[in-house]
Amino acid sequence: MGKSPIGTRPNEAKYGMALYGAAWPEGEYFFVCGGGGHGLVNRIVWGQYKDGRCSDQLGEYKLGKETPMGMLMCPWGSSLLLGNASGGIRRLQIGSDDPVDHRPKLVEVSAAFQESLTSLSAEVSTMRFNSRGNMLAVGFRDNSTVQVIAYPSMRELVAWKLDDPEVKDIDFCPHTAAAAIMQHHQQQQQQSGFELLATVGGNGVCQIWEV
């Protein structure tokens with residue numbers, strides 16, 4: 001017996017576009033994003049996973065000309081961040097006006113907050129929050145730069161330019177573990193906001209940064 005076509009198995013779904021990101025807040029509903037032009041609409045789609053089945057599209061939010069190349073759930077599951085192909089980050093608030101099934105809907109954040117996000121002008125390759133949710137690390141595809149930003153003020157804290165063609169991925173060490181590591185190395189003089197960040201690049205090098 002041959003395999004079932006992709007998208008026909010109970011735990012699969014196709015949404016008529018190239019997919020570049022996924023995020024899942026608490027509950028049954030999940031989000032995916034994609035598009036890419038050539039007749040494909042740039043959008044966020046949400047579905048539901050229930051009783052072992054992945055639903056068809058239950059809703060969408062169209063993104064216009066901006067192709068989302070990645071998506072990240074904000075701390076506490078209240079909003080989504082999108083890294084745009086043309087540069088910058090876009091944030092959408094998650095809400096619901098469905099008192100029965102609590103189906104989600106997405107709402108744009110204020111213009112002032114959005115302006116602070118679009119000031120990150122290069123294409124975003126990867127994003128991560130620290131475990132406390134007060135720092136956002138962003139890796140950029142074109143200029144091999146990693147930037148750490150205070151969240152939600154979006155104030156730049158520190159940035160590095162890697163000796164690497166591309167930032168592939170980044171992640172924070174959990175804060176309590178980072179504190180224990182640095183205490184072990186007798187560096188208690190660091191501030192209480194101290195974090196450790198790992199970066200990996202296209203040249204196969206992993207680096208650890210003190211934030």
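Trainee: Is R9 buried, partly exposed or exposed in this predicted model?
Mentor: The model is predicted, and the relative accessible area of R9 is 29%. Buried would require under 20% and exposed over 50%. R9 is therefore partly exposed.

Trainee: Which residue meets the side chain of R9 in a salt bridge?
Mentor: The N to O distance of this salt bridge is 2.9 Å, and the structure holds 10 salt bridges. The partner of R9 has a relative accessibility of 21% and counts as partly exposed. That partner is E12.

Trainee: Where is E123 found, and is it buried or exposed?
Mentor: E123 is found in the loop between helix 1 (111-118) and strand 10 (124-129). Leaving aside neighbours within four places in sequence, its contacts include M69, N84, F140 and D142. With a relative accessible area of 14%, under the 20% limit, E123 is buried.

Trainee: With which residue does E123 form a salt bridge?
Mentor: The closest N and O atoms of this pair are 2.9 Å apart. The partner lies in the loop between strand 11 (135-140) and strand 12 (145-150), 18 residues apart from E123. At 26% relative accessible area the partner is partly exposed. The residue is R141.

Trainee: Which residues are linked with E123 and R141 in a network of salt bridges?
Mentor: E123 and R141 form a salt bridge with each other. The network extends to two further residues, E166 and K168.

Trainee: How many residues apart in sequence are the parts tied together by R132 and E195?
Mentor: The side chains of R132 and E195 meet in a salt bridge at 3.2 Å, N to O. R132 counts as partly exposed at 35% relative accessibility, whereas E195 is buried at 0%. R132 lies in the loop between strand 10 and strand 11 and E195 in the loop between helix 2 (175-184) and strand 15, so the pair ties together parts separated by 63 residues.

Trainee: Which strands stand at the edges of the open sheet in the order 14-15-16?
Mentor: The pairing in this three-stranded sheet is antiparallel, and strand 14 pairs with strand 15 (residues 196-201) over five bridges. An edge strand has a single partner strand, so one side is left without a neighbour in the sheet. The edge strands are strand 14 (167-172) and strand 16 (206-210).

Trainee: Which side chains of strand 5 point to one face and are buried?
Mentor: In a regular strand the side chains alternate between the two faces of the sheet. Along strand 5 (residues 59-62), E60 and K62 point to one face and are not buried. The buried side chains on the other face are G59 and Y61.

Key:
Residues are numbered from 1 along each chain as its sequence is written. This is a predicted model: local features need pLDDT of at least 70, side-chain atom pairs count only at pLDDT 80 or more; totals for chains, interfaces and linings use all residues. Side-chain values use heavy atoms; hydrogens and water are left out. Two strands pair if DSSP finds at least two bridges between them. Helices (H or I, at least four residues) and strands (E, at least two) are DSSP runs, numbered from the N terminus. Buried means under 20% relative accessible area, exposed over 50%, partly exposed in between (1.4 Å probe, protein chains only). Contact means heavy atoms within 4.5 Å. A salt bridge is a side-chain nitrogen of Lys or Arg within 4 Å of a carboxyl oxygen of Asp or Glu.
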